[in-house]
Amino acid sequence: MKALVFHGPGKLALEDRPTPVIATPTDAIVRITKTTICGTDLHIMKGDVPTVTDGRILGHEGVGVIEQVGASLSNFSVGDRVLISCITSCGKCANCKKGMYSHCENGGGWILGNRIDGTQAEYVRVPFADNSLYPIPAGADEEALVMLSDILPTGFECGVLNGRVKPGDTVAIVGGGPIGLAALLTAQFYSPAEIIMVDVDDNRLEVSKKFGATKVVNNSDGKAAAKVMALTDNRGVDVAIEAVGIPSSFDICQTIVAAGGHIANIGVHGKPVQLNLDKLWAHNITLTTGLVDTVTTPMLLKTVMSGKVQPKQLITHHFALHDVMQAYNTFGNAMKERALKVIITND
Ligand SMILES: [Zn+2]
Ligand SMILES: [Zn+2]
């Protein structure tokens, strides 16, 4: 089969690889129909994720059709159309029982396209398939559902739920990439009064206005924090969602959080940040971190099926699997290419 293979920082290649086979009875082999590239894949390309070793097939998002099932699978059969979660989980260990699938103690968590081969290929082996795949309802738009593998649950769980967005809140989202936009779409479940989007790219800020941001702040001059304070009468925001993963974006969040507010970190940080406890110790704030658990995927699936949330808006480009290198070029130059999510189709 064709697969996108990582060979160390900056080195990717579309190669012929053996089609995966069932390795344990809880596995399923899924024929990928549509997949995508995540910002995390770009981090891997830079060498920021040491668990990804030479020869790994990348990708942790996608939809497809079950080709083979392990002997112990009870939820799925050959031919079922499925959504692949970016988090693989046994559903049985202590952490899974708490809903903390990202820290599955039986070798689950974020493993696809990381510790094991991923979805940017014609086929993928999904361990613990009963708990890590979701049936695709009849009539669903499968492209839209690719947004449910990772970005929608990540924006919702790590941004909106951890940030405890409430009706009437003022929310700032720092970072208008796909994850920040997913937080923007799902924050609106809770009717916040204001959602302020912060980014350096005017195109992304325009898109975020269409998606429901009430105000936008361009941070090209590095003065976003002062601008957000001015927009909030120097009160700050009830919820500051960090969706970039660099020290300066975290710094904006800790500067603009109001007394009693929440900082919800989503960004993948490669460097330490300074936490200004000298200012925050008496500010009654909460800071949350976490990898997505994808426990909200079934709920989000219903909101997408009903049209309440329309994640298809995030898709800007389409490629065939044999053009996956071109897809990486486009996604890697997102600002110039005006790219949000790209769909890669395996026909
Ligand atoms: Zn991802
Ligand atoms: Zn588990």
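Which protein donors does the zinc ion (ligand 1) have? In this predicted model, they turn out to be Cys38 through SG, His60 through NE2 and Asp150 through OD, lying 1.8 to 2.2 Å from the ion. Along the chain, the donors follow the spacing C-x21-H-x89-D. Cys38 sits in the loop between β3 (28-36) and α1, while Asp150 sits in the loop between α4 (142-146) and α5 (151-161), so this pair ties together parts that are 112 residues apart in sequence. Buried means under 20% relative accessible area, and Cys38, with 4%, is therefore buried. Asp150 counts as buried too, with a relative accessibility of 7%.

Next comes helix α1 (residues 39-46), which packs against helix α12 (residues 324-332) at an angle of about 100°, the two axes being 11 Å apart. Angles of 65 to 115 degrees count as roughly perpendicular, so that is how α1 and α12 are arranged. On the α1 side, the contact is made by Gly39, Asp41, Leu42 and Met45; on the α12 side, Tyr328, Phe331 and Gly332 meet them. Sorted by class, the contact has four nonpolar, two polar and one charged residues.

Then there is helix α8 (residues 224-231), where Ala224, Ala225, Val228 and Met229 are buried. These residues cover an arc of only 135° around the axis, so they end up on the same side of α8. Ala226 and Ala230, on the other side of α8, are exposed. The cover over the buried residues of α8 includes β10 (194-199), β11 (215-218), β12 (237-242) and α9 (247-256). After α8 comes Asp233, with a positive phi near 50°.

How values were computed:
Residues are numbered from 1 along each chain as its sequence is written. Chains are lettered from A and ligands numbered from 1 in the order in which they are written. This is a predicted model: local features need pLDDT of at least 70, side-chain atom pairs count only at pLDDT 80 or more; totals for chains, interfaces and linings use all residues. Side-chain values use heavy atoms; hydrogens and water are left out. Axes are lines fitted to C-alpha atoms, for helices over the stretch in contact, and angles run from 0 to 180 degrees between N-to-C directions. Helices (H or I, at least four residues) and strands (E, at least two) are DSSP runs, numbered from the N terminus. Angles under 35 degrees count as roughly parallel, over 145 as roughly antiparallel, 65 to 115 as roughly perpendicular and the rest as oblique. Contact means heavy atoms within 4.5 Å. Ala, Val, Leu, Ile, Met, Phe, Trp, Tyr, Cys and Pro count as nonpolar, Asp, Glu, Lys and Arg as charged, and the others, Gly among them, as polar. Donors are N, O and S atoms within 2.8 Å of the metal (3.2 Å for Na, K and Ca); water is not among the atoms, so sites may look incomplete. Buried means under 20% relative accessible area, exposed over 50%, partly exposed in between (1.4 Å probe, protein chains only). The arc is that of the directions from the helix axis to the C-beta atoms.
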